[in-house]
Amino acid sequence: ERHVSFAPKGSTVSEAIFDLEALGFDFLLFVEDETGDDTVVWRDPETPDGYVVRFAHGAENVSERPSAVVIDPHALPSFDIDSARELLDLGDEPFVAFRDADTDRGCVLHRRYDGHLGLVETPR
């Protein structure tokens with residue numbers, strides 16, 4: 001398992017989507033500018049031009065809602081890394097977005113192109 005920290009600070013949802021596309025990523029973990037919350041955006045496989053955005057602590061204070069974006073109102077679930085690994089191994093999803101149970105910060109555990117696990121976390 002390799003730990004990577006890539007989380008642009010102070011990005012809007014629109015900027016994060018631009019970065020996601022420019023970098024060719026499937027998801028992006030970032031700190032959202034308006035709320036200061038750890039946030040994950042990913043492509044929605046059900047909608048070719050659509051994206052889903054989920055905030056670590058829920059979306060109550062979110063006003064920016066770009067077109068083609070679905071804001072998931074639920075907070076990210078709180079797990080330890082071992083629990084997130086179990087979910088990733090048991091499920092069909094390419095990644096698990098969660099709040100680290102120890103730090104309460106946003107994380108994404110994913111299967112990398114080489115088959116190993118990667119952990120993206122927001123800077124402490």
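Reader: Let's start with Arg54: which strand is the place of this residue?
Author: Bear in mind that this is a predicted model, where local features need pLDDT of at least 70, side-chain atom pairs count only at pLDDT 80 or more, and totals for chains, interfaces and linings use all residues. Residues are numbered from 1 along each chain as its sequence is written, and side-chain values use heavy atoms, with hydrogens and water left out. Helices (H or I, at least four residues) and strands (E, at least two) are DSSP runs, numbered from the N terminus. On that numbering, Arg54 sits in strand E4.

Reader: Which backbone oxygen does the side chain of Arg54 reach?
Author: Contact here means heavy atoms within 4.5 Å, and setting aside residues up to four places away in sequence, Arg54 touches Asp38, Thr39, Val40, Trp42, Asp72, His74, Ala75, Leu76 and Pro77. A polar contact is stricter: a pair of N or O atoms within 3.5 Å, where within protein one must be able to donate a hydrogen and the other to accept it, and residues adjacent in sequence count only if both atoms are side-chain atoms. At 2.9 Å, the Arg54 side chain reaches the backbone oxygen of Ala75.

Reader: And how far apart are the C-alpha atoms of Arg54 and Val70?
Author: Along the chain, these two are 16 residues apart. In space, their C-alpha atoms are separated by 8.7 Å.

Reader: Thr39 was on that contact list, so to speak; is it buried or exposed?
Author: Thr39 is found in strand E3, and leaving out neighbours within four places in sequence, Thr39 is in contact with Leu28, Leu29, Phe30, Glu32, Val53, Arg54 and Phe55. Its side chain also reaches the backbone oxygen of Asp37 at 2.9 Å. Buried means under 20% relative accessible area, exposed over 50%, and partly exposed in between (1.4 Å probe, protein chains only). At 0% relative accessibility, Thr39 counts as buried.

Reader: Which strands stand at the edges of the open sheet?
Author: Two strands pair if DSSP finds at least two bridges between them. Four strands form the open sheet, in the order E2-E3-E4-E5 and with mixed pairing. One side of each edge strand has no neighbour in the sheet because each has a single partner strand, and this applies to E2 (27-31) and E5 (69-72).

Reader: What does the twist average from one strand to the next?
Author: Axes are lines fitted to C-alpha atoms, for helices over the stretch in contact, and angles run from 0 to 180 degrees between N-to-C directions. From one strand to the next, the twist averages 20°.

Reader: In which sense do E4 and E5 pair, and which residue in E5 stands opposite Tyr51?
Author: E4 covers residues 51-55 and pairs with E5 over four bridges, in the parallel sense. Opposite Tyr51 stands Val69.

Reader: What angle does the direction of helix H1 make with that of E2?
Author: H1 (residues 13-23) packs on the sheet and touches E2, E3 (38-43), E4 and E5. Its direction and that of E2 make about 140°.

Reader: How many aromatic pairs are there, and why is Phe27 with Phe95 called tilted?
Author: Rings of Phe, Tyr and Trp (its six-membered ring) pair if their centres lie within 6.5 Å; planes under 30 degrees apart count as stacked, over 60 as edge-to-face and the rest as tilted. The structure holds three aromatic pairs. For Phe27 and Phe95 the ring centres are 4.9 Å apart, and the pair is tilted because the planes stand at 40°.

Reader: How many residues apart are Phe27 and Phe95, and which residue joins them in one aromatic cluster?
Author: The pair links distant parts of the chain, with Phe27 in E2 and Phe95 in E7 (residues 95-100), 68 residues apart. Phe27 is buried at 11% relative accessible area, and Phe95 is buried at 14%. The aromatic cluster consists of Phe27, Phe95 and Trp42.

Reader: What is the angle between the ring planes of Phe79 and Phe98?
Author: Their ring centres are 6.3 Å apart, and the pair is tilted because the planes stand at 50°.
This pair also links distant parts of the chain: Phe79 lies in E6 (residues 78-79) and Phe98 in E7, 19 residues apart. Phe79 is partly exposed at 21% relative accessible area, whereas Phe98 is buried at 0%. The plane angle you asked for is 50°.

Reader: Last one: what is the phi of Asp104?
Author: Asp104 is found in the loop between E7 and strand E8 (106-111), and is partly exposed with a relative accessible area of 34%. Although Asp104 is not a glycine, its phi is positive, at about 65°.
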